[in-house]
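The exercises below work through pockets, cores, ring pairs and single residues. Each task sentence is followed by a solution that proceeds step by step.

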Amino acid sequence: MSNLTVQEKKYKNFITIVSIVIPIAVAALFRIKLSNVEPLSFLPPIYATMNGITAVLLVFSVIAIKKGNRKRHELLNTLAIVCSALFLVMYVAYHMTSESTPFGGEGFVKYVYYFILITHILLSIIIIPFVLFTFMRAKLGQFPQHKKLAKIAYPLWLYVAVTGVIIYIMISPYYA
């Protein structure tokens, strides 16, 4: 077995585990309420900002690779992964210490909000393995496969990041 195959197998196992564990852990942690902890009500604008930063990093990452700057592209994507991870930690922390805020809009805007929310949640689960496998392909120097996956991962990830900000903007008037 070649060294590349061993590395690839390790990455694939790790990515598979992470892609399964994260959604399950988030769902489980949502059910846990830390009542003896002060609500972290200051977090929503911060984690919405992390989504916005992720979106900007992704756009600049594509610009960097189109200009042939592979190092900057890699750095920006690594930072985008870090921002997404920070978002996730803050999002879970907020929901473990605070009650969920119901959306108060009515009529057509309510349907728009729930469409955005549902697609955001579903794609945020789906995007995990896409992002990690795309990153893995680049790390292993498998650039044709990386590019092929990136054409799927990029728009999905960008959608998740942008809709995260939109969801915050739409629900923020209803925070207690």
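A pocket is here an open set of grid points with protein on both sides within 12 Å along at least five of seven lines, and its lining residues have an atom within 4 Å of a point. The model is a predicted one.

**Exercise 1.** Describe the largest pocket by its volume, its lining and the classes of residue in that lining.

*Solution.* Begin with the volume: the largest pocket holds about 1100 Å³ of space. Its lining is made up of 40 residues, and those closest to the centre are Phe87, Leu88, Tyr91, His120 and Ser124. Next, assign the lining to elements: α1 (3–30), α2 (43–66), α3 (70–97), α4 (108–139) and α5 (143–171) each give two or more residues, and α4 gives the most, with eleven. Finally, sort by class, which yields 32 nonpolar and eight polar residues, while no charged residue is found in this lining.

**Exercise 2.** Describe the second largest pocket by the same steps.

*Solution.* The volume of the second largest pocket is about 690 Å³. Among its 23 lining residues, Ile65, His73, Asn77, His146 and Ala150 are the closest to the centre. At least two lining residues come from each of α2, α3, α4 and α5, with α5 supplying the largest share, eight residues. The class count for the second largest pocket is twelve nonpolar, five polar and six charged residues.

**Exercise 3.** Which residues of the largest nonpolar core touch the most other members?

*Solution.* The largest nonpolar core has 16 residues, and within it Tyr47 and Trp157 touch the most other members. The elements that contribute two or more residues to this core are α2, α3, α4 and α5. Taking Trp157 in turn and setting aside neighbours within four places in sequence, one finds contacts with Thr54, Leu58, Asn77, Ala80, Ile81, Ser84, Ile127 and Val131. Another core, of seven residues, lies apart from the largest one and includes Tyr113, Ile116, Ile167 and Met170.

**Exercise 4.** Classify the ring pair of Phe87 and Tyr91, and state whether each residue is buried or partly exposed.

*Solution.* The count of aromatic pairs comes to eleven. For Phe87 and Tyr91 the ring centres are 5.4 Å apart and the planes lie at 25 degrees; because planes under 30 degrees apart count as stacked, the pair belongs to that class. Their separation is about one helical turn, because the two residues are four apart in helix α3. Phe87 has 14% relative accessibility and therefore counts as buried, whereas Tyr91, at 23%, counts as partly exposed. Both residues also belong to a cluster linked by ring pairs, together with Phe30, Tyr47, Tyr94, Tyr168 and Tyr175.

**Exercise 5.** Are Thr134 and Ser41 buried or exposed, and what does each residue touch beyond four places in sequence?

*Solution.* Thr134 is located in helix α4, and its relative accessibility is 7%, so Thr134 counts as buried. Apart from neighbours within four places in sequence, Thr134 is in contact with His146, Leu149, Ala150 and Ala153. Ser41, in turn, is located in the loop between α1 and α2, and since its relative accessibility is 55%, Ser41 counts as exposed. Under the same exclusion of residues up to four places away, Ser41 touches Tyr94 and Ser98. As a last step, compare sequence and space: Ser41 and Arg137 are 96 residues apart in sequence, and the distance between them is 38 Å, C-alpha to C-alpha.

Note on methods:
Residues are numbered from 1 along each chain as its sequence is written. This is a predicted model: local features need pLDDT of at least 70, side-chain atom pairs count only at pLDDT 80 or more; totals for chains, interfaces and linings use all residues. Side-chain values use heavy atoms; hydrogens and water are left out. On a 1 Å grid over the protein atoms alone, a cavity is a set of points where a 1.4 Å probe fits but cannot get out, and a pocket is an open set with protein on both sides within 12 Å along at least five of seven lines; lining residues have an atom within 4 Å of a point. Grid points are joined across faces, edges and corners, and a volume is the space filled by probe spheres set on the points. Ala, Val, Leu, Ile, Met, Phe, Trp, Tyr, Cys and Pro count as nonpolar, Asp, Glu, Lys and Arg as charged, and the others, Gly among them, as polar. A nonpolar core is a set of buried Ala, Val, Leu, Ile, Met, Phe, Trp, Tyr and Cys residues joined through side-chain atoms within 4.5 Å. Buried means under 20% relative accessible area, exposed over 50%, partly exposed in between (1.4 Å probe, protein chains only). Contact means heavy atoms within 4.5 Å. Rings of Phe, Tyr and Trp (its six-membered ring) pair if their centres lie within 6.5 Å; planes under 30 degrees apart count as stacked, over 60 as edge-to-face and the rest as tilted.
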